[in-house]
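Please keep the viewer open beside this text and follow the stops in order, selecting what each one names before reading on.

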Amino acid sequence: MPRVLLLGAVCIFLFARVPPAHPLQEMHVSRETVGKISAASKMMRCSAAMDILFLLDGSHSVGKASFERSKRFAITVCDALDISPERVRVGAMQFGSAPHLEFPLDAFPTRQEVKAEVKRMIFKGGRTETGLALKHLLHGGFPGGRNGSVPQLLVIVTDGKSQGHVASPAKQLKERGVTVFAVGVRFPRWEELHALASEPWEQHVLLAEQVEDATNGLLSTLASSALCTIHAPDCQVEAHPCERRTLETVRELAGSAPCWRGSRRTDAVLAARCPFYSWKRVLLSHPATCYRTTCPGPCDARPCQNGGTCVPEGLDRYHCLCPLAFGGEANCAPKLSLECRIDVLFLLDSSAGTTLEGFLRAKAFVKRFAQALLSEDSPARVGVAWYSRELVVAVPIGEYQDVPDLVRSLDHVPFSAGPTLTGSALQQATERGFGSAIRAGQDWPRRVLVLLTESHSQDEVAGPARRARARELLVLGVGSEAVRAELEEITGSPKHTMVYTDSQDLFNQIPELQGKLCSRPRPGCQAQSLDLVFLLDASSSVGPENFAHMQSFLRSCALRFDVNPDVTQVGLVVYGSRVQVTFGLDTHPTRAAVLRAMSQAPYLGGVGSAGTALLHVHDQVMTVRRGARPGVPKALVMLTGGRGVEDATVPAQKLRDNGVSVLVVGVGPVLRDALRRLAGPRDSLIHVAAYADLQYHQDTVIEWICGEARRPVNLCKPSPCMNEGTCVLQNGSYRCECRGGWEGPHCENRVLRGDAPQALASHQEPTGRQLPNPLLQPHGRLGHPGR
């Protein structure tokens, strides 16, 4: 035969020997769940009497590195065992070409000795004779064990690539009452692990490559048999999705080529076309179920507000990664303050109808209010009084050294459990509750009475309440739902009444109370966080005079909002011959600065395209990188003369799909059909006859904006993840899945590459610089989050 034919035969033979498959298993759960599984494994203890034998695969197919991981798994399991001669006994055996007893079950009476002996085990190598090791146990039993008088557990840690039969000896062991766990290492062969393990397989087949997960799975199975217990409340075994992944090498027909084959006649050679093949690896997934114990974590209660990310620290502690506006406060709570000159008297119901629990709840509310809003330089002053049959002023207005002194004074306010005479208390508070608050030679500050009650009054309240309001006293009512009607009668308006369902709901009312205390007539959304952008038509179809009318209208609207990085951020974009960002959301932190910048907005002229302008807002303004805050409602108010809006419907919907509410204000003889399409499915459209009439529609615009500020938000819209990262919602917060080359809570840091310091230095400028995170600062410190 010619040499070329021999070569072809050899090549075909070698390709036929390509390995067929490489399996792998892993759990698909969130990072928080992985942390809970790991933490729960450390809270489980096994004290029931039982014999546990670790059978570790020390063959060449496992390798020394995987053998070390097998040892680490065994040591981690031992941490949960109450090892003693009377309770849990542990032994270990290694197998390769032959079984080798490392130490019997009665050799070491303490956990420390067992762990130390496991650490000293030496990898031996050899063939994978799993069946031979199992037969050895069938003949000799558990060395040093208690002969089946207590539960027997065999934990086999192997890659499942035995060179002999394992099903029969494994079956015989299980028929003798031995519970078998099959724990895979490296790239295990799942079929053999199933043959080794007891049923159900979901609870007895594990993967040692993930030590904490495998330990949790083993202990969870033992806990279901009452052999182990969990020393933590509210922990439970739950089913979690697993995925067995198999990386298979498959053969595909790549084509054919001329070849020559011999025939039965020695002097004849036949020409033909022979197929040739290519090989590729295909990842196949097989869903499964794993049972793991999880315990409630510190982040389950969602303590981080305003889009903050909760990061657990152990079993009961956490810290919050907060957006910039809320980074200085615990739990990312809004940074509030009382910047208005007022005197506030809190009037606490101490009667039996409110109950001791309700009275303590009211005191806690006043304490939190003082701690959150008052400071040494605050122009506001506070006093506290309580009532039942009579009014008692516990803390006269302003008569305290500092906020801690005020809080300590509240601790001494008693619960009287008498009748509920709210009307009498209102009259007395009006007459003498503010008497010491008059400042000689100055105008009186605004006076506010805040009533906290959960009980209906036993005397008449309408008359005393009218007299209080007639003396220019602002009366606010805070109470349970049961007394809403009476509170509205006392305050004279539903807008001055706040009701709550429980303690946390009450504490959440603090920002709203702050807004009511410092609000003036015709307020905007004082207590609502909001990112607000105005988009002005500055094209030639509007004209400079009408553009000035729009500027004046915007300034009037801005006066209705508490502009600061904690509550409302305002941006302005104009469009005409081009699109120009006059100022972004995070450019001006005060209302005065915003008003000045609005006056300086340029009139552009030219032909305007509303669609182009809306796309610019989507890409360059309403983004986290440019100051938009995660978890904060977002609204766009567009003022247009109606020209150039034909291309704006799709961009407007794109903004809405990204979590931005859009209001269209059309002025003059506009194209109604085009604007109605632009206004979207909720018909957010206001038509104004002339630019000079904009002022008469201000309340309508403000009402729409405030309504949008109260709508629920999606923390991933717009996405807080930079550099094409993907935002994933979970547990009331979100996380960012970063693309290759980026890392950090918001994918803001480029991953450093290069092995040597010289290589790093040579690429310092383009890739080695860590960018400061513009989104997060842990408790008020700018820089890299979480450090």
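Begin by selecting Ser684, which counts as buried because its relative accessibility is 8%, under the 20% that marks the limit for a buried residue. This is a predicted model, and every stop below should be read with that in mind. Ser684 belongs to the loop that runs between helix H21 (672–679) and strand E25 (685–688). If you now show its surroundings and set aside the neighbours within four places in sequence, you will find Ser684 in contact with Val662, Leu663, Val664, Ala679 and Trp704.

**The open sheet**

Move next to the strands E5, E4, E3, E6, E7 and E8, which in that order form an open sheet of 6 strands with mixed pairing. At its edges you will see strand E5 (99–103) and strand E8 (205–207), each of which pairs on one side only. As you turn the view, note that neighbouring strands of this sheet are rotated against each other by 25° on average, with direction ignored. Strands of a sheet pair through backbone hydrogen bonds, and they do so either parallel or antiparallel.

Start at one edge by selecting strand E4 (residues 88–95) together with E5, since these two pair in the antiparallel sense over 4 bridges. Within this pair, Ala92 stands opposite Phe103 in E5.

**Strand E3 and its partners**

Now select strand E3 (50–57): is it enclosed or not by the rest of the structure? E3 is largely enclosed, because 8 of its 8 residues are buried. The burial concerns both faces, with Met50, Ile52, Phe54 and Leu56 on one side, and Asp51, Leu53, Leu55 and Asp57 on the other.

E3 pairs with E4 in the parallel sense over 8 bridges, and here Leu56 stands opposite Gln94 in E4. E3 also pairs in the parallel sense with E6, over 6 bridges, and there Asp51 faces Gln152 in E6.

**Helix H3 and Lys71**

Add helix H3 to the selection, and you will have E3, H3 and E4, which together make a right-handed β-α-β unit. Within helix H3 (residues 63–78), pick out Lys71, which counts as buried at 4% relative accessibility. Not counting residues up to four places away in sequence, Lys71 touches Leu56, Val118, Lys119 and Met121. If you draw a line from its C-alpha to that of Phe54, the two are 9.4 Å apart in space and 17 residues apart in sequence.

**Helices H9 and H6**

Select helix H9 (residues 211–224), which lies across strand E3, strand E6 (152–158), strand E7 (178–184) and E8, and which runs at about 155° to E8.

For the last stop, choose helix H6 (residues 167–175) and colour its buried residues, which are Pro169, Ala170 and Leu173. They lie on the same side of H6, because they cover an arc of only 100° around the axis. An α-helix has 3.6 residues a turn, so residues three or four places apart point the same way. What do the buried residues of H6 pack against? Their partners are helix H5 (130–140), E6, E7 and helix H7 (190–196). Turning to the face of H6 that points away from this buried side, you will find the exposed residues Lys171 and Glu175. Just after H6, finish at Gly177, which takes a positive phi of about 95°.

Terms used
Residues are numbered from 1 along each chain as its sequence is written. This is a predicted model: local features need pLDDT of at least 70, side-chain atom pairs count only at pLDDT 80 or more; totals for chains, interfaces and linings use all residues. Side-chain values use heavy atoms; hydrogens and water are left out. Two strands pair if DSSP finds at least two bridges between them. Axes are lines fitted to C-alpha atoms, for helices over the stretch in contact, and angles run from 0 to 180 degrees between N-to-C directions. Contact means heavy atoms within 4.5 Å. Buried means under 20% relative accessible area, exposed over 50%, partly exposed in between (1.4 Å probe, protein chains only). The arc is that of the directions from the helix axis to the C-beta atoms. A crossover is right-handed if, with the strands pointing away from the viewer, the path from the first strand over the helix to the second runs clockwise.
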